[in-house]
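The following exercises ask the reader to work through a single protein model, from its overall dimensions to individual backbone features. Each task is followed by a stepwise solution.

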Amino acid sequence: MSEMSMVRRCYSCGAILQSEDKDAEGYIKPEVLNQEHRVGEVYFCDKCYTEQSYSLTPTQPSLEEGYLSMLEDAQASDALIVYVIDAFSFEASFVKEVAETIQGLPILVIANKRDLLPKSVKDETLKIYFAHRFRASGIYANPEDVVLTTLSSNSDVLEIAKMIEERRRRHDVYIIGAAGAGKTFFLNAYLRSYKNSSSQEISLSNYPGTDLRVMQIPLDNSSMMYDTPGIPTDNSVTSRMDSANLRVAYPSTPVKARLLSFIEKDAVAIGGLAIFELLKGERTAVKFYGADGLTLKKKQAEKLSPIFFKGLEKGDLKPAGINLKDRSDFDAFDIVVEEKGARDIGIEGLGWFAFEGKSQTFRVIVPKGVSIYTSRAKIK
Ligand SMILES: Nc1nc2c(ncn2[C@@H]2O[C@H](COP(=O)(O)OP(=O)(O)OP(=O)(O)O)[C@@H](O)[C@H]2O)c(=O)[nH]1
Ligand SMILES: [Mg+2]
């Protein structure tokens, strides 16, 4: 009787893996190829592996030069940090160096775009979640440090202005956060009730010693409020789409749960942007939270994957990203859920999957460089 073995391909370039010919396509060291195949393990040929065309750790957004030295000033002057987040998606937007640089400073978190989360969820629950995510990212915050806002419709920020005034103790204020979170919307609302009691003017100029364009608002004769450039969202799906696709993929109304039931090896494709698979584990009910316009297609992973990549090649899938054509344009992450209880696995800028943690392994395939995160459930 002949023995059958599974053909293994490089996850990046798709070449059939082999250990015989170093110079031929798909070469992989015999010790890697012959080791026992662990569930969920993805293989790369040596060429793809050494070229590091696959990043297996979620990426962080990149910072402009001068950004950290600006925050070092904030640290040195014991300033108040007003950290604006997009309540729909911010979980993977933290940058380690930013967290380290603002360590110990007083903070006020403005969780904006509250309108994109279901009304039924209590504000208090969200505040606890947001504060938890900040702490998990190395920035100390409590639920009392969080305010929820919908700056696009609510122009009144008097309460927030009062909180800032109390918390800043006559020190400077730095408004920071990811691009598009709502910093400028906040500032515009703030300026409506602002009175300049100083001898200085409001100005848009380079932050001292940097090329950063910063709006500077005098708060009194010795302190300023700075509206700083947004931390780039290059690790978000939103940065991979043109505006027509973005209108479909990014919510404009509260996200609703879409129910899916997974058995092992089931997967769901989200438009032409991502695949989420239950690689290992018992039957799991999963809720997807994301824009209504996103199409979900669920099938066994081995059937779904060729359909997805063929669809991408042909340009059939909607919404789709710019220059996402084949497997090599995507990253794959396997997530082993060790925690029990209500959990989320999210894709930055796209939405999240909510489920009960039961030692599952999930595989998430996302456009290269897009971050994913896992956390306790945002919405219960
Ligand atoms: N749904 C919703 N959208 C909002 C809200 N507030 C702002 N937006 C939208 O978010 C986008 C970005 O807002 P901005 O205030 O310019 O964001 P920013 O943080 O200043 O961005 P950068 O200057 O690029 O760093 C705008 O297109 C707004 O329409 C909100 O409360 N809800
Ligand atoms: Mg702005």
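**Exercise 1: Overall dimensions**

Compare the radius of gyration of the protein chain with that of a compact globule of 380 residues.

Solution. For 380 residues, a compact globule would have a radius of gyration near 21 Å. The protein chain of this predicted model has 23 Å, which agrees with that expectation. Next, consider the extent along the principal axes: the C-alpha atoms fill a box of roughly 90 × 45 × 35 Å. Finally, the secondary structure within this envelope comes to nine helices and 17 strands.

**Exercise 2: Burial, contacts and surface**

Describe how the protein chain is packed and what its surface consists of, using burial, contacts and accessible surface.

Solution. Begin with burial: 52% of the 380 residues count as buried, the cut-off being under 20% relative accessible area. Then turn to the contacts between residues at least 6 apart in sequence; 72% of them join residues at least 24 apart. The accessible surface comes to about 18,300 Å², and carbon and sulfur atoms account for 51% of it. As a last step, take the charges: there are 48 positive and 52 negative side chains, and the centres of these two sets lie 7 Å apart.

**Exercise 3: Backbone features in two loops**

Locate the cis peptide bond ending at P319 and the positive phi values of R169 and N323, and give the setting of each residue.

Solution. Start with the loop between α9 (301-314) and β13 (330-336), which holds P319. The peptide bond from K318 to P319 is cis, its omega being near -15°. N323 also belongs to the loop between α9 and β13, and its phi is near 60°, a positive value in a residue other than glycine. N323 counts as exposed because its relative accessibility is 64%, where the threshold is over 50%.

Now move to the loop between α6 (158-168) and β4 (173-177), where R169 is found. R169 is not a glycine, yet its phi is positive, at about 45°. With a relative accessible area of 40%, R169 is partly exposed.

**Exercise 4: Confidence**

Which residues have a pLDDT that stays under 50, and how should their coordinates be treated?

Solution. First take the average: the protein chain has a mean pLDDT of 91, and 93% of the residues score at least 70. Then examine residues 1-5, over which pLDDT stays under 50. For residues 1-5 the model has zero contacts beyond four places in sequence. Where pLDDT is low, predicted coordinates should not be read in detail.

Key:
Residues numbered from 1 in each chain as written. Chains lettered and ligands numbered in written order. Predicted model: local features only at pLDDT ≥ 70, side-chain atom pairs only at ≥ 80, totals over all residues. Heavy atoms only, no water. Helix = DSSP H or I, 4+ residues; strand = E, 2+ residues; numbered from the N terminus. Rg over C-alpha atoms; globule rule 2.2 N^0.38 Å. Buried < 20%, exposed > 50% of the residue type's maximum accessible area, 1.4 Å probe, protein only. Contact = heavy atoms within 4.5 Å. Areas by Shrake-Rupley, 256 points an atom, 1.4 Å probe, with all protein chains shown as cover. Lys, Arg positive; Asp, Glu negative; His and termini not counted. Charge placed at Lys NZ, Arg CZ, Asp CG, Glu CD. pLDDT = per-residue confidence, 0-100.
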